[in-house]
Amino acid sequence: MATPLTVLDLVPISSGSTAPQALRNSVDLAKRAEALGYARYWFAEHHLNPGIAGTSPAVLLALTAAETSTIRLGSGAVQMGHRTAVATVEEFGLLDALHPGRFDLGLGRSGGKPREPRVPARAAVAPSANGRSSDGVLIPSKFDPTPLLKSPRFALQRALLQQPGAQSQNYTDQVDDILALIAGVYRDADGLTAQVVPGEGADLQLWILGSSGGESADVAGARGLRFAANYHVAPASVLEATDAYRAAFRPSAELGEPYVAVSADVVVAEDEATARERAAGYGLWVRSIRTAEGAIPFPTPAEARTYAWTAAEHELVADRVDTQFVGSAAQVADKLERLRDATEADELIVTTITHDHSDRVRSYELLADEWSRR
């Protein structure tokens with residue numbers, strides 16, 4: 001059986017375009033992904049970015065569910081650092097009430113410094129001298145987010161996303177509360193019950209998304225939930241994350257053995273040269289994120305070529321640019337297979353951003369056609 005492919009969409013706004021057009025593009029892409037046989041269509045949650053319109057997964061999912069019929073839809077992920085368990089269950093309960101059994105509730109920790117992993121990455125696939133693992137998958141040096149997390153703009157974003165004086169709840173406790181609220185067994189410390197309607201009994205598939213071998217991997221494994229490892233965000237930690245999840249895994253009523261999905265940034269075209277031209281704006285886009293500017297509208301290839309890079313900026317984005325899979329359908333599918341084999345993934349998540357919507361659609365078409373023959 002072929003490894004399922006899932007689409008992750010940030011709802012990118014292209015340079016010279018608008019948020020309404022980005023939303024229309026994403027709904028169109030979801031309809032095409034359904035026809036092409038992709039297993040799921042997930043929306044990410046990002047805030048205060050001039051070039052990303054994907055601010056509310058639940059709203060986007062409601063819009064997309066009305067325009068599709070069979071593809072599973074989900075969040076990749078809801079950012080729990082500024083949310084409550086109740087609000088999350090209520091939102092997805094509403095979705096499930098109208099479109100039962102179609103939604104994946106993907107939960108992300110978001111915010112603050114991740115906890116150190118308990119399980120080290122496998123020595124057998126540690127980076128070699130040239131930066132590649134023994135399985136042919138690039139495992140770059142870790143990106144240090146400290147300057148980003150300490151930036152004034154990051155502090156501003158956190159302040160705007162939370163009520164004054166509010167503190168984020170412990171993530172593991174949030175996951176437990178969500179599970180209890182959906183199951184209808186929530187009790188507080190004094191034994192008081194709470195019911196979420198709609199939400200209680202919702203037919204949701206729960207996922208935990210994580211970028212390291214820390215708390216997210218631990219809670220996903222310990223609770224017997226599905227786990228998505230973010231190679232496209234933190235490629236250096238993907239093996240650490242999947243190992244930690246499997247080490248922590250305990251069977252649950254929903255899942256008898258670990259289930260892992262791994263994400264990758266890809267751009268596919270008829271040939272490698274065309275694909276690289278269409279992916280040209282990616283480095284500049286990543287730079288805007290990692291300098292705390294917020295993701296810029298995705299540049300045209302011409303706009304990207306005019307930017308004067310410094311050596312420090314190249315280093316800032318190198319791990320993301322070097323691990324983007326760019327090329328023909330066969331070239332990208334080969335890289336995805338190596339990523340699947342190195343991580344032992346049960347499913348792969350692909351996210352593609354190009355300036356022109358037609359190029360993004362074409363990338364998914366070419367990949368689906370090639371993948372179907374493997």
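Q: Which residue just after α10 takes a positive phi?
A: That's Ala-292, with a phi of about 70 degrees. Keep in mind that this is a predicted model.

Q: And α10 itself, is that helix mostly covered or mostly open?
A: Mostly covered: α10 spans residues 282-290, and eight of its nine residues are buried.

Q: Which ones are buried?
A: Tyr-282, Gly-283, Leu-284, Trp-285, Val-286, Arg-287, Ser-288 and Arg-290.

Q: What do the buried residues of α10 pack against?
A: Three helices and a strand take part: α4 (146-149), α11 (301-305) and α12 (311-322), plus β8 (260-268).

Q: Arg-287 is in that buried list. What does its side chain meet in a salt bridge?
A: Glu-293, with N to O at 2.8 Å.

Q: Are those two buried or partly exposed?
A: One of each. Arg-287 has 14% relative accessibility, so it falls under the 20% cut-off and counts as buried. Glu-293 comes out at 36%, so that one is partly exposed.

Q: How many salt bridges does a search of the whole structure find?
A: 28.

Q: OK, β8 and α12 came up a moment ago. Which salt bridge ties a residue in α12 to one in β8?
A: Arg-320 with Asp-265, at 3.7 Å from N to O. Arg-320 lies in helix α12 and Asp-265 in strand β8, so the pair links parts that are 55 residues apart in sequence.

Q: Buried or exposed, that pair?
A: Arg-320 and Asp-265 are both buried.

Q: What about Arg-278, what does it form a salt bridge with?
A: Asp-359, and the closest N and O atoms are 3.4 Å apart. Here Arg-278 sits in helix α9 (residues 272-278) and Asp-359 in helix α14 (residues 357-372), so this bridge ties together parts that are 81 residues apart in sequence. Both Arg-278 and Asp-359 are buried too.

Q: Which residues do salt bridges with shared partners join into one network?
A: Arg-278 and Asp-359 belong to it, along with Asp-28, Arg-32, Glu-270, Arg-362 and Glu-365.

Q: Staying in α14, what does Ser-363 touch?
A: Leaving aside residues up to four places away in sequence, Ser-363 touches Val-266, Val-267, Val-268 and Thr-352. It's found in helix α14.

Q: Why does Ser-363 count as buried?
A: Its relative accessible area is 1%, so it's under the 20% limit for buried.

Q: Switching to the nonpolar side of things, how many residues are in the largest core?
A: 94 residues. Tyr-38, Tyr-231 and Leu-336 have the most contacts inside that core.

Q: What does Leu-336 touch?
A: Not counting residues up to four places away in sequence, the list is Ala-264, Val-266, Phe-325, Leu-348, Val-350, Leu-367 and Trp-371. Apart from this big core there's another one of five residues, including Ala-269, Ala-275, Ala-279 and Val-326.

Q: Now the surface. Which residues form a nonpolar patch there?
A: Leu-48, Leu-156 and Leu-160, with about 280 Å² of accessible area together.

Q: Where is Leu-48?
A: In the loop between β2 (40-43) and α2 (57-65). Leu-48 is partly exposed, at a relative accessible area of 40%.

Q: And Ala-155, where does that one sit?
A: In helix α5, which covers residues 152-161. Ala-155 has 45% relative accessibility and counts as partly exposed. Its C-alpha is 38 Å from that of Leu-98, and the two residues are 57 apart in sequence.

Q: One more residue: what does Arg-246 touch?
A: Pro-258, Val-260, Thr-343, Glu-344 and Ala-345, again not counting residues up to four places away in sequence. Arg-246 is in helix α8 (residues 238-248), and it's partly exposed with a relative accessible area of 23%.

Q: How far is Arg-246 from Ala-220, C-alpha to C-alpha?
A: 9.2 Å, with their positions 26 residues apart along the chain.

Q: Last thing, which residues does UniProt list for the Luciferase-like domain?
A: The unreviewed UniProt entry gives "domain: Luciferase-like" for residues 7-119 and 184-342. Over residues 184-342 the chain is 42% helix and 14% strand, and the end C-alpha atoms of that stretch are 39 Å apart.

Terms used. Residues are numbered from 1 along each chain as its sequence is written. This is a predicted model: local features need pLDDT of at least 70, side-chain atom pairs count only at pLDDT 80 or more; totals for chains, interfaces and linings use all residues. Side-chain values use heavy atoms; hydrogens and water are left out. Patches are made of residues with over 30% relative accessible area and no salt bridge: like charges are joined within 9 Å, nonpolar side chains (Val, Leu, Ile, Met, Phe, Trp, Tyr) within 5 Å. Accessible areas come from the Shrake-Rupley method with a 1.4 Å probe; for residues, only the protein chains shown count as cover. A salt bridge is a side-chain nitrogen of Lys or Arg within 4 Å of a carboxyl oxygen of Asp or Glu. Helices (H or I, at least four residues) and strands (E, at least two) are DSSP runs, numbered from the N terminus. Buried means under 20% relative accessible area, exposed over 50%, partly exposed in between (1.4 Å probe, protein chains only). UniProt positions are given in the numbering used here, feature names are shortened, and annotations may be inferred rather than shown by experiment. A nonpolar core is a set of buried Ala, Val, Leu, Ile, Met, Phe, Trp, Tyr and Cys residues joined through side-chain atoms within 4.5 Å. Contact means heavy atoms within 4.5 Å.
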